[in-house]
Each structure stands twice: as C-alpha cells, then as structure tokens.
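Q: Please take me through this structure, and for each label tell me what it rests on.

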Amino acid sequence: MPDMSASLALTHLVPLAKEVDENKVTPGVLGFIVFAVMALAVWGLMKSMNRHMGKVTFEEDPENEAAGSAPAGGAAPAKG
C-alpha cells in the first residue's frame with residue numbers, strides 16, 4: 001500500500017511542479033528549519049562528545065602495572 005499512496009501523491013504534485021519558475025526556486029522556510037535542526041543536533045553531539053572525552057583517562061591502572069599482567073588482548077608482552 002505505501003507504493004500506491006506515494007504514486008498518488010506524485011500524480012497530484014506533478015501539475016504543481018510545472019507551474020514553478022525554475023529561476024526563482026529557493027529553499028525557503030522549510031530549508032532553513034531543516035538546516036537549523038541539523039546544526040542544533042551537531043552542536044548537541046559535539047557537546048556530549050566533549051563531556052564523554054573528559055571522563056576518559058589515558059593512564060594505565062596502577063593494579064595492572066604492579067601485577068605485570070598481560071594486555072587485554074590476551075597476548076603476552078614481547079621481549080626483545
């Protein structure tokens with residue numbers, strides 16, 4: 001059924017598209033709203049990423065260093 005409603009909508013919109021002057025087409029208010037929503041989403045994601053990156057510690061745990069345990073991958077440390 002979704003295909004039928006889409007084709008029905010297209011048949012009603014085709015006559016409207018022929019009336020539009022191709023030299024005067026602009027994104028309009030809908031284009032601005034979509035752009036503004038995407039900009040707010042990116043801003044929110046960047047803020048969240050910065051918050052999560054602030055929680056990350058880049059140092060080894062003291063208990064792993066003292067025990068001399070193998071890395072998380074399970075491989076033994078290479079001795080050279």
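Q: In what order do the elements of the chain run from the N terminus on?
A: In this predicted model, the elements follow the order α-α-α, and the secondary structure amounts to three helices and zero strands.

Q: Where in the chain is confidence lowest, and where is it highest?
A: Confidence is lowest in helix 1 (residues 2-19), with a mean of 63, and highest in helix 2, with a mean of 95. Over the chain the average pLDDT is 76, and 56% of the residues score at least 70. Where pLDDT is low, the predicted coordinates should not be read in detail.

Q: Why is Val56 called partly exposed?
A: Partly exposed covers the range between under 20%, which is buried, and over 50%, which is exposed; Val56 has a relative accessibility of 39%, and therefore it counts as partly exposed. Val56 lies in the loop between helix 2 (28-55) and helix 3 (62-67).

Q: What makes the nonpolar surface patch of about 620 Å²?
A: The patch is made by Val42, Met46, Met49, Met53, Val56 and Phe58.

Q: What share of the 80 residues in the chain do buried residues make up?
A: Buried residues make up 0% of them, and of the roughly stated total, about 7800 Å² exposed by the chain, carbon and sulfur atoms supply 67%.

How values were computed
Residues numbered from 1 in each chain as written. Predicted model: local features only at pLDDT ≥ 70, side-chain atom pairs only at ≥ 80, totals over all residues. Heavy atoms only, no water. Patch = residues over 30% accessible without salt bridge, like charges linked within 9 Å, V, L, I, M, F, W, Y side chains within 5 Å. Areas by Shrake-Rupley, 256 points an atom, 1.4 Å probe, with all protein chains shown as cover. Salt bridge = Lys/Arg side-chain N within 4 Å of Asp/Glu carboxyl O. Helix = DSSP H or I, 4+ residues; strand = E, 2+ residues; numbered from the N terminus. Buried < 20%, exposed > 50% of the residue type's maximum accessible area, 1.4 Å probe, protein only. pLDDT = per-residue confidence, 0-100.
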